[in-house]
Structures are given as C-alpha cells and as structure tokens.
Amino acid sequence: MFMATLDNLVMTNALPVLHSEFGASVEELQWFMNAYTLAFASTILMAVALGDRFGRRTVFIIGIVVFTLSSALAALATDPSQLIAARAAQGFGAAAIMPLSLTLLAGSVPIARRPLAIGIWGGVSGLGVAVGPLIGGAIIEGWAWQAIFWVNVPIGVASIALALLALPNSFGARLRADLLGLVLSGAGLLGLVYGIVRGNDAGWSSLEVLASLVAGGVLLLAFIAWESRASAPLLPLRLFRDRSFSVANVVGFGFSFGAFGSIFILIQFLQVVQGATPLEAALQTSPWTLAPMIVAPLAGAFAGRIGTRALIVAGLAALSGALFWLAQLLDAATEFSTFVAPFILAGVGMGLVFAPSATAVLATMKPNDHAKASGTNSMLREVGVALGIAVSTAVFTGAGGALTPVDYVIGAQPAVIVGAAVLLVSALVALLLPAGRAVPSISPDAATAPILDEEPAPRLAH
C-alpha cells in the first residue's frame with residue numbers, strides 16, 4: 001500500500017524534468033498523473049469483486065505483480081505516450097492493492113484494536129504521500145527520472161513474498177463480475193476528465209470538449225441506473241443508506257480534489273518560480289508531507305475516544321486555511337521560511353483526515369461489506385485526485401498560467417484558492433457525520449461474524 005500511495009506523488013518533482021526531456025506539454029504532464037489515478041479509480045471496485053470471488057490475497061498479489069512490471073515499463077519509456085500507457089497499467093495494479101490492503105487488515109485484527117490498526121494503515125498511507133516527493137526529488141537529482149520507477153521493483157518482489165507468508169486468503173460473496181458496470185463507470189470518468197483537461201486548449205464550447213463532458217455525464221448516470229438494478233452490482237447503492245458511509249465518501253472526494261490538485265500546482269511552483277532543484281523542492285515541502293506520518297496514527301488511535309467527526313472537521317478546516325494562506329504567499333520573492341508555518345498546518349490537517357475518514361467509512365459496515373465499502377472510498381478518492389488535478393490545471397491555464405516564472409504565479413494563485421474552497425465546503429459537509437465515538441463493525445453480529453472461507457496463512461517457523 002505504501003508503494004501504491006508513493007506513486008500518487010512520486011512524479012510531481014519529475015514533471016519539470018519530463019517537460020524538458022520529452023518536450024511534454026502541460027496537458028501531457030497532467031496525463032502522467034491522471035493516467036494512473038483514472039485507471040486506479042475505474043477498476044478498484046472490479047478488483048474488490050474479483051478479490052471476493054477468487055481470494056483477496058490472491059488478487060492482492062496479482063495487483064502487486066502488475067504494478068511491479070508496469071513500473072519497469074514506465075522506467076523504459078522513451079516518449080510521453082509510452083509513459084502514459086505504463087502509468088495507466090500501474091493504476092490497474094494499484095486498484096487491487098489499496099482497497100484489499102485495508103480489507104485484509106480489518107479482517108486480521110481484533111475489533112477493539114481496529115481503530116489503532118487503521119490509524120497505522122493511515123500513517124503508512126501518509127508516509128507514502130510524505131516521502132513520494134522526497135524520494136522522487138532525491139532520485140531524480142542523484143540519478144535519473146527513470147529510477148523513481150525502478151525503485152518499485154525490489155519493493156514489489158519483497159511484498160509478494162511477505163504477503164504469501166503472512167496474510168490469510170479470505171473470500172467474500174462469489175458473485176458474477178459486473179462487466180457492464182465496469183465499462184460504464186470507467187468510460188464515464190474518462191469522458192469527464194478528458195473534457196476538463198482539453199477545455200482550455202480546445203475551447204470549452206468546442207464539440208470535442210462538450211461531447212466528452214456530456215458523454216461522461218450520461219455514462220455515469222447510466223452506471224448509477226444500472227447499479228440500482230444489477231443482481232451483482234459493482235457499486236452496491238444500498239451502502240449509501242448509511243449516513244456515516246455516505247458523508248465520509250463525499251468528504252473523501254472533496255479532500256482528495258482540493259488537496260492533491262493544490263499539491264500538483266505548489267510543488268512545481270518551487271521549481272519553476274523559485275528555481276529549486278527537485279531535491280530542494282522535496283525538502284522544502286517536507287514539513288507538509290511528513291506531518292501526516294506522525295499525526296495519522298495518533299488520529300486513528302483517538303478516533304474511538306473523540307469521534308471521527310471532530311477530527312475530520314478540524315483537519316479539513318486546517319488544510320483549507322493553510323491553502324488560502326499559501327495562495328497569498330505565491331511570489332518569486334517570497335522567502336522559504338515564510339512557507340514553513342502553512343506547510344506544517346497543511347500536513348497536520350491531512351493527518352487528521354486520513355485515518356478517521358477510513359474509520360468512518362467502515363464504522364457500521366458488516367465484515368462482508370468491508371471490501372466493497374473500502375473499494376468505494378478508494379475509488380472516490382482517486383476520482384477526486386484526477387478531477388482535482390484536471391480542474392486545478394484548467395484554472396491555472398485559464399488564468400494565463402504557463403511554465404515560466406512570471407506566468408506560473410498568475411495561474412497558480414487562483415488554482416490553489418479553488419482547492420482551498422473545495423476543502424472548506426468539505427469541512428462543512430463533514431459536520432453531517434454522526435457525532436460521538438466510532439469503532440468499525442462493533443455491532444453484535446459483526447463482532448462474531450467470520451470472514452467467509454478463510455484460508456489460514458502459512459506460519460513462519462519459530
């Protein structure tokens with residue numbers, strides 16, 4: 001899971017380098033990021049369904065294999081189209097890794113310790129976010145951009161061996177694969193993001209953009225209609241009857257949209273405008289990116305005592321305030337020390353959201369729904385990342401932004417303000433979460449219900 005989250009941001013410090021080496025346009029830079037997140041988002045629920053049917057550990061390991069091989073292909077890419085294709089393949093692998101990692105975790109620890117375990121899971125997720133830019137910057141400066149993908153290969157090989165040794169192969173309901181749902185959701189998401197990405201270049205009133213946006217919207221509506229009547233839906237709409245689940249997913253989407261769209265803009269600002277090297281930019285943002293690694297496990301540990309609502313609202317409000325603050329500081333003459341306080345505030349805010357939002361998603365879910373619930377949450381977060389980057393870039397270019405020091409600031413300020421506004425709205429929505437303490441699956445049935453057909457994991461010799 002660390003490897004999958006790492007690759008959400010590991011490329012951010014490489015974008016200016018890829019712009020120079022490949023002659024990549026701003027649009028292609030977006031697709032280096034969004035090919036991953038779109039493939040990830042559109043196949044998460046199918047990966048969960050396959051995990052239920054063929055074994056969660058089995059599909060988890062297949063995901064690691066796909067991710068590892070596609071990382072090697074990304075490193076070997078010689079033009080933008082090859083890199084975009086390899087990034088999409090990485091996303092397909094990550095789709096099996098992220099939701100199943102949480103499901104396998106939730107089924108392997110006692111209920112009383114589950115909030116703490118999810119907190120640690122959130123901390124590792126935060127670590128991937130934290131060191132993604134740092135590892136990317138260090139590798140690019142010390143070696144080459146290709147190495148940010150080669151580093152996944154030994155991690156993947158080691159993870160496969162550890163998964164076989166330590167994890168049980170649990171199963172869920174063995175239902176037919178919802179292939180129509182997969183096609184409708186994937187094509188709908190692609191249509192929306194493609195239309196947003198092309199909007200400024202092709203013109204928002206152009207046939208290409210309007211057709212893409214309308215088709216994307218129609219396909220997503222068709223997806224929802226199909227899921228309401230499918231016998232084995234990819235996305236069980238009944239889950240949204242639960243208030244904690246529904247609100248947590250809306251908040252997760254807004255969090256990813258605002259936070260990662262802004263990060264995409266801000267990390268490039270340090271290199272394009274202030275002249276930082278990739279490693280310097282990563283070190284400068286480390287007060288932001290390292291804070292979730294510390295805060296997320298603590299937030300997970302206290303979620304059962306304080307309640308998820310207070311932590312999530314506080315985190316989103318802090319992150320929104322930090323981005324509004326940063327937007328006012330974006331100038332070539334601003335000293336780095338001025339960014340430290342808002343970077344720390346942003347990192348603390350992110351850390352307060354990671355684990356409690358995962359806890360809120362699973363709070364009243366039955367064990368057999370954990371995979372679907374986690375998969376839905378991961379899907380909406382990744383859709384948020386893709387749309388956040390696309391919209392932030394559309395705002396950036398629409399305001400006159402370009403990859404030059406003077407023009408970058410012109411576009412960066414409104415783009416970051418949009419991200420901050422989305423996070424502020426998300427904080428208000430989070431007030432609708434149930435108050436009080438929340439522990440995943442604490443109902444009497446959930447406390448005793450086994451995960452179906454669990455195959456014991458091999459034990460290490462003492």
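**Exercise 1. Determine which helices supply at least two residues each to the lining of the second largest cavity, and describe that lining.**

Solution. In this predicted model, at least two lining residues come from each of helix 3 (26–54), helix 11 and helix 16 (370–398).

Step 1. Identify the residues. The second largest cavity is lined by Val-26, Leu-29, Phe-264, Ile-265, Gln-268, Thr-393, Phe-396, Leu-403 and Tyr-408.

Step 2. Find the main contributor. Helix 11 provides the largest share of this lining, three residues.

Step 3. Sort the lining by class. Seven of its residues are nonpolar and two are polar, with no charged residue.

Step 4. Place the cavity in context. Its volume is about 60 Å³, and the whole structure contains three cavities of 30 Å³ or more.

**Exercise 2. Establish how helix 11 is oriented relative to helix 17 and what kind of residues form their contact.**

Solution.

Step 1. Take the geometry. Helix 11 (residues 243–272) packs against helix 17 (residues 405–430) at an angle of about 160°, and the axes lie 8 Å apart.

Step 2. Classify the angle. Angles over 145 degrees count as roughly antiparallel; helix 11 is therefore roughly antiparallel to helix 17.

Step 3. Add the handedness. Helix 11 and helix 17 cross in a left-handed manner.

Step 4. Examine the contact. Between helix 11 and helix 17 it comprises 21 nonpolar and six polar residues, and no charged ones.

**Exercise 3. Classify the aromatic pair formed by Phe-253 and Phe-257, and relate the two residues along helix 11.**

Solution.

Step 1. Recall the two quantities required. A pair of aromatic rings is described by the distance of the centres and the angle of the planes.

Step 2. Apply them. The structure holds 12 aromatic pairs. One of them joins Phe-253 and Phe-257, with 6.1 Å centre to centre and 45° between the planes, and is tilted.

Step 3. Consider the positions. Because Phe-253 and Phe-257 are four residues apart in helix 11, about one helical turn separates them.

**Exercise 4. Characterise the largest pocket by its volume, its lining and the helices that contribute to it.**

Solution.

Step 1. State the volume. The largest pocket encloses about 560 Å³ of space.

Step 2. Locate its centre. Of the 21 lining residues, Met-1, Phe-2, Phe-60, Ser-101 and Leu-167 lie nearest the centre.

Step 3. Assign the contributors. Helix 1 (2–9), helix 4 (56–75), helix 5 (80–106), helix 6 (114–142) and helix 8 (152–166) each supply at least two residues. Helix 8 gives the most, with six.

Step 4. Sort by class. The lining of the largest pocket has 19 nonpolar residues, two polar and no charged.

How values were computed. Residues are numbered from 1 along each chain as its sequence is written. This is a predicted model: local features need pLDDT of at least 70, side-chain atom pairs count only at pLDDT 80 or more; totals for chains, interfaces and linings use all residues. Side-chain values use heavy atoms; hydrogens and water are left out. Axes are lines fitted to C-alpha atoms, for helices over the stretch in contact, and angles run from 0 to 180 degrees between N-to-C directions. Angles under 35 degrees count as roughly parallel, over 145 as roughly antiparallel, 65 to 115 as roughly perpendicular and the rest as oblique. A crossing is left-handed if the near helix is turned anticlockwise from the far one by less than a right angle, and right-handed if clockwise. Ala, Val, Leu, Ile, Met, Phe, Trp, Tyr, Cys and Pro count as nonpolar, Asp, Glu, Lys and Arg as charged, and the others, Gly among them, as polar. On a 1 Å grid over the protein atoms alone, a cavity is a set of points where a 1.4 Å probe fits but cannot get out, and a pocket is an open set with protein on both sides within 12 Å along at least five of seven lines; lining residues have an atom within 4 Å of a point. Grid points are joined across faces, edges and corners, and a volume is the space filled by probe spheres set on the points. Rings of Phe, Tyr and Trp (its six-membered ring) pair if their centres lie within 6.5 Å; planes under 30 degrees apart count as stacked, over 60 as edge-to-face and the rest as tilted.
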